[in-house]
Amino acid sequence: MFRVDCSRLRFLVIDDNGYMRRIIRTLLHGFGTREVFEAEDGAAGLEAFATHLPDVVITDWSMPVFDGIELTKMIRQPDTSPNPFVPIIMVTGYAERNRVFEARDAGVSEMLVKPISAKSLYQRIAKVVLNPRPFIRTENYFGPDRRHLVKADQYKTRGAASNFINSSIGSP
Amino acid sequence: MTRAPQANDYAGDGTVEQDFGDTRVFHLGGTLRAKAAVRSADAGGVDDLSVAAADAAMKDLSGDFQNWMGDEVNRLIAAFEVFSDSPPNKRDIGPLFRAAHDIRGQAAVFGYPIASEIAGSLSKLLDKIEPDYLPLQLIAHHVDSVKAIYRNNIRDYANPVATQIIHNLRRAIDRVVEARQKAMAEEMKFRRTI
């Protein structure tokens, strides 16, 4: 069994609410993290992301200027982002099903519904560090596999299906 | 001719890329895991000591929570005043929604779960109804309720006044949403006939 030593990780926290940033920072320092950077909106967050190259991004959804969803889409640009694979944990008050799907389709790694607790935040960090999902790149999507429970064998099956289609219609 | 999925070491960090033609799969190389994973006897991979330390840090911070909650409530009141004082065609719902949404998310951490629930109800109202049709009176009830909960320091669901406030607000919102949906359906029906 493994645990995460947060003192070895660098975090970027993006939230327009100063109190929320303070709470998340306090929890991260409690976990032993030394390097926590902050930004108060999506635009500043994107700049801080390029400057500090964090290991994990924790962002709010609802923010002025541009929000957590738009920020995630910018970070998940495989050809221009400094690290399109970075784990993104979205902290939000939205728990509705359609909102969860929207976040998933933008490329969010994990959702954390408020009110947050030390344990729930630690669990999300542990998940993205210890068991990261493979990333998928298609014409319309780049991000963590949107299916949470895919075994390695299923990627082989997916390959077999792709091969069959290619052999039937001819490879380019 | 069959094309086998290609696997190669992407970016030289152990990340393996498989190419299936229209889809590529990247199996991450475990850079973060190598950087921060340590063996542990804790069941489920949760580091109890780290969580306990973070809980203790939050407890130290909690002395400020009542003042922070006061600031958030004042922000909500101010946002509502600006909203209600603006001409209907110039109302910006953003600051009011964000103030309510923040209380919804944080008030429970600050020790005011009932205020969180009322603010959640207000967020839903602001999210579901178009700005032109928002009932100001109902918004005012929500803002006043959050204010009353905070000023009377009501933190417990067992408080009968709080329970009654939540119940009444929920019923009122459901009625407004239902009436609006009915009006929209009638409007659609009317448009189809002309």
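## Exercises on a predicted two-chain model

The largest pocket has a volume of about 550 Å³, a value computed, like every other one here, on a predicted model.

**Exercise 1.** Determine which residues and elements form the lining of the largest pocket, and what its chemical make-up is.

*Solution.* Begin at the centre: of the 31 lining residues, the closest to it are A:Asn83, A:Phe85, A:Pro87, B:Leu28 and B:Leu32. Next, turn to the helices, where H5 of chain A (118-130) and H1 of chain B (31-36) each supply at least two residues of the lining, and H1(B) gives the most, with four residues. Finally, sort the lining by residue type, which yields 17 nonpolar, seven polar and seven charged residues.

**Exercise 2.** Describe the contact between chain A and chain B by its residues and its buried area.

*Solution.* Counting residues in contact gives 53 from chain B and 53 from chain A. The size of an interface is often given as the accessible area lost when the parts come together; for chain B and chain A the area buried between them is about 5,100 Å², with 60% of it on carbon and sulfur atoms. Within the part that chain B buries against chain A, B:Leu32, B:Arg33 and B:Val38 supply 11%, more than any other three residues.

**Exercise 3.** Work out how strands S2 and S3 of chain A are arranged, and what unit they make with helix H1(A).

*Solution.* Strand S2(A), residues 10-14, runs parallel to strand S3(A), residues 35-39, and five bridges join the two. As one point of register, A:Val13 stands opposite A:Glu38 of S3(A). Adding helix H1(A), residues 18-30, completes a β-α-β unit with S2(A) and S3(A), and this unit is right-handed.

**Exercise 4.** Locate the backbone features at A:Pro115 and A:Val65 in chain A.

*Solution.* Most residues other than glycine have a negative phi, and most peptide bonds are trans. The bond from A:Lys114 to A:Pro115, however, is cis, with omega near 0°, and A:Pro115 lies in the loop between strand S6 (110-113) and H5 of chain A. A:Val65, although not a glycine, has a positive phi of about 70°, and its place is the loop between strand S4 (56-60) and helix H3 (68-75) of chain A.

Methods:
Residues numbered from 1 in each chain as written. Chains lettered and ligands numbered in written order. Predicted model: local features only at pLDDT ≥ 70, side-chain atom pairs only at ≥ 80, totals over all residues. Heavy atoms only, no water. Pairing = 2+ DSSP bridges. Right-handed = clockwise from strand over helix to strand, strands pointing away. 1 Å grid on protein atoms, 1.4 Å probe; cavity = no way out; pocket = protein on both sides within 12 Å on 5 of 7 lines; lining within 4 Å. Points joined across faces, edges and corners; volume = space filled by probe spheres on them. Nonpolar A, V, L, I, M, F, W, Y, C, P; charged D, E, K, R; others polar. Contact = heavy atoms within 4.5 Å. Buried area = accessible area lost by both parts, 1.4 Å probe.
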